[in-house]
Amino acid sequence: MQDEYGNIWSYRAKWAYLLLIVFLLLLPVFYVIYV
Amino acid sequence: MVPSNGATIWRGRRDPASPRSWRRILGENGVQKWAFYIPVVFMTVFLALPMALTVVWSVFERTQFWMQPGFTLFAYETFFTSARAENYLFSMIHAAIAVVISFALGFPVAVFVRRRVATALQHRVVLLFILPFMISELVRVFALRPILGRNGVINSVLMDIGVISDPIMIILFSPVGVVIGDVVSFLPFMVFAGFLAMEAVQPYVFEVCEDLGARTVRAFRDVIVPLAAPGIFAGGVFIFVNSVGGALVPTLLGGPGAVNAGLIVNQAIVAIDFPLAMAISAIMMATLMLLLYLGHRLFDLTKVLQPIS
């Protein structure tokens, strides 16, 4: 296991992944709004 | 006559509305005692009885528009000797694939939230995954059509940036489309179940792994997943049941050969073959009960409900 906040970019990448999943789940919703 | 405590005496008996009567009705020997039976009654009327009736009706004889009492296994014979049995099997495989993909995408999110996000923020981050449910599932699944379609968002973007020259056709109106639809619809449940399951993995467990020199993959595979297994299984069953039994996703995103058990049942009802629909439902119930039994033997599902000490 790596250090908790040793690599800030790994931490940021995980946040980005989480938000990407949320965005992908909401993509149909956004598309409906766009259309 | 009005006694000193305020209750009216009516023909020598107390008014039913007096405080003492209410205490008797609402007290420990009244409603409080019988309230415990409400869940039992509810589950009997709305779960056990319909399930029993499903099995009973599945052996009834089919008439032109309805069914009549009798005993015949014709519906089961029809199911097993037609393409429905094969489709049913394939729908279970597709559902299992949807569960695996949901686990691979969703569980790391749950681990990350439990491990790295501040405690006060954890529940708010998980709430982000409720956002898709703010809009009807029908709309969400239907909106996947213009995204996955021939001239959809994905194909347009990939063709514009030059990754592909011809549109990918396999992602809509195919089993792949159904799996994508299932994952998009039910992925949040894996995040929720994983988040709850991770309660069984206390922060010191990570420290112990670190102290003993376990690498991330090893700790994940040998420590975190076994500890969180009951919760992961519960989430997996939820996604599996919905993928096998929900007729919505294959109706909108499926095509030839991309049906699931729910859609087969739906088609049987449309064909006014109620015993067949009941037989398929009974087989589905038996399959899922077997699955739950195996899961319980393997992971002890009662742990899901036990508080962590």
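Analyst: Two residues are in contact if their C-beta atoms, placed from the backbone, lie within 7 Å. By that test, and leaving aside neighbours within four places in sequence, B:Gly245 is in contact with B:Ala261, B:Gly262 and B:Met284. This is a predicted model.

User: Why is B:Gly245 called partly exposed?

Analyst: B:Gly245 has 18 other C-beta atoms within 10 Å. Buried needs 20 or more, and exposed needs 12 or fewer. A count of 18 falls in between, so B:Gly245 is partly exposed. The residue sits in helix H12 of chain B.

User: How far apart are B:Gly245 and B:Ala261 in sequence and in space?

Analyst: They are 16 residues apart in sequence. Their C-alpha atoms are 5.5 Å apart.

User: What makes B:Leu252 partly exposed?

Analyst: B:Leu252 has 18 C-beta neighbours inside 10 Å. The buried class starts at 20 and the exposed class ends at 12, so a count of 18 puts B:Leu252 between them. The residue belongs to helix H13 (residues 248-253) of chain B.

User: Which residues does B:Leu252 contact, leaving aside its neighbours within four places in sequence?

Analyst: B:Val141, B:Phe142 and B:Arg145. Another pair spans 115 residues of the chain: the C-alpha atoms of B:Leu252 and B:Glu137 are separated by 11 Å.

User: How do you know that B:Phe133 is exposed?

Analyst: Count its neighbours. B:Phe133 has 12 other C-beta atoms within 10 Å. Exposed means 12 or fewer, so B:Phe133 meets the cut-off. Its place is the loop between helix H6 (119-127) and H7 of chain B. B:Pro188 lies 55 residues away in sequence, yet 9.2 Å away from C-alpha to C-alpha.

User: Why is B:Phe173 called buried?

Analyst: B:Phe173 has 20 other C-beta atoms within 10 Å. Buried requires 20 or more, so the count of 20 qualifies. B:Phe173 is in the loop between helix H9 (153-160) and H10 of chain B.

User: What is the sign of phi at B:Phe173, and why look at it?

Analyst: Phi is positive, about 55°, and the residue is not a glycine. Most residues other than glycine have a negative phi.

User: Where is B:Ile272, and what is its phi?

Analyst: B:Ile272 lies in the loop between H14 and H15 of chain B. Its phi is near 50°, again positive in a residue other than glycine.

User: Why does B:Ile272 count as partly exposed?

Analyst: B:Ile272 has 14 C-beta neighbours inside 10 Å. That is over 12 and under 20, so B:Ile272 falls in the middle class.

User: How does the span of H15(B) compare with the expected one?

Analyst: H15(B) covers residues 274-299, which is 26 residues. From first C-alpha to last the helix reaches 37 Å, close to the 38 Å expected at 1.5 Å a residue. The expected span uses one less than the number of residues. B:Asp300 follows the helix with a positive phi near 55°.

User: What do the buried residues of H15(B) pack against?

Analyst: They pack against helix H3 (38-58), strand E3 (61-62), strand E4 (67-68), helix H4 (74-80), H12 and helix H14 (261-270) of chain B. The buried residues of H15(B) include B:Leu276, B:Ile280 and B:Met284.

User: What is the handedness of the crossing of H5(B) and H10(B)?

Analyst: It is right-handed. The axes come within 7 Å and cross at roughly 35°. The residues of this contact divide into 19 nonpolar, 4 polar and 2 charged.

User: How many residues does each chain give to the contact between A and B?

Analyst: Chain B gives 25 residues and chain A gives 14. H5(B) gives the most to the side of chain B that touches chain A, with 4 residues. By class, that side has 21 nonpolar, 1 polar and 3 charged residues.

User: What is in chain A?

Analyst: Chain A has 1 helix and 0 strands. Of its 35 residues, 9% are buried.

User: How confident is the predictor?

Analyst: The complex gets an ipTM of 0.85 and a pTM of 0.85. Chain B has a mean pLDDT of 87, with 93% of its residues at 70 or more. Among the elements of chain B, strand E1 (residues 9-10) has the lowest mean pLDDT, 54, and H3(B) the highest, 94.

Conventions
Residues numbered from 1 in each chain as written. Chains lettered and ligands numbered in written order. Predicted model: local features only at pLDDT ≥ 70, side-chain atom pairs only at ≥ 80, totals over all residues. Helix = DSSP H or I, 4+ residues; strand = E, 2+ residues; numbered from the N terminus. Nonpolar A, V, L, I, M, F, W, Y, C, P; charged D, E, K, R; others polar. pLDDT = per-residue confidence, 0-100. Axes fitted to C-alpha atoms, helices over the stretch in contact; angles between N-to-C directions. Left-handed = near helix turned anticlockwise from the far one by under 90°.
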